[in-house]
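Got the viewer open? Here's a short tour: select each stop as we reach it, and I'll say what is there.

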Amino acid sequence: MRKTTLSLLAVSAVSLAACSTGGLFDRNRPDEFAVQRQAPLVVPPDFSLVPPSPGAPRPADDTASQQALDTIFGGPAQRSAVESSVIGRAGAADPGIRSEVGDPETNTVAKGAVTRDIVAAPEGDGQSAQTVIPQG
């Protein structure tokens, strides 16, 4: 019991010594008199704002998910001529395409072992990458 009391007193003394100035536990403190008060923020008037007209839809009536999508993807954008051409050539999707994807009668193309090896290759920084051109 006496040893625990002595060790508790020693820890307390060291902890209190850390609060003193100077010595081993000295630390730099900010000067509280060097701080000055900042001017309050003032929102300048926006003269381009007009009051809402009665019965008009509110500008922020989008759902939270729609606002998040617009924030992430930038909202609806005009398609370029190339993108419109590609979409036009692709044509419309068959309405029942999702039910046919898992169908065993769906035709697939076997890409072979080379494609499988490329997909399964570990990622790297490319420093040790080599190109091999087959002879023949």
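Start by selecting glutamate 100, which sits in helix 4 (residues 97-100); helices here are DSSP runs of H or I with at least four residues, strands are runs of E with at least two, and both are numbered from the N terminus. This is a predicted model, where local features need pLDDT of at least 70, side-chain atom pairs count only at pLDDT 80 or more, and totals for chains, interfaces and linings use all residues. Residues are numbered from 1 along each chain as its sequence is written, and side-chain values use heavy atoms, leaving out hydrogens and water.

Glutamate 100 is partly exposed, at 38% relative accessible area (buried is under 20%, exposed over 50%, partly exposed in between, with a 1.4 Å probe and protein chains only).

Now add Asp94, Asp103 and Glu105: together with Glu100 they form a negative surface patch. Patch members have over 30% relative accessible area and no salt bridge, with like charges joined within 9 Å and nonpolar side chains within 5 Å; a salt bridge puts a side-chain nitrogen of Lys or Arg within 4 Å of a carboxyl oxygen of Asp or Glu.

Next, pick helix 3 (residues 81-90), where 0 of the 10 residues are buried. Glycine 91 follows helix 3, with a positive phi near 80°.

Then go to phenylalanine 73 in helix 2 (residues 64-73). Phenylalanine 73 is exposed, at 66%, and joins Leu69 and Ile72 in a nonpolar surface patch of about 360 Å² accessible area.

Finally, show the whole chain: 5 helices and 0 strands, with 0% of its 136 residues counting as buried.

Note on methods
Areas by Shrake-Rupley, 256 points an atom, 1.4 Å probe, with all protein chains shown as cover. Lys, Arg positive; Asp, Glu negative; His and termini not counted. Charge placed at Lys NZ, Arg CZ, Asp CG, Glu CD.
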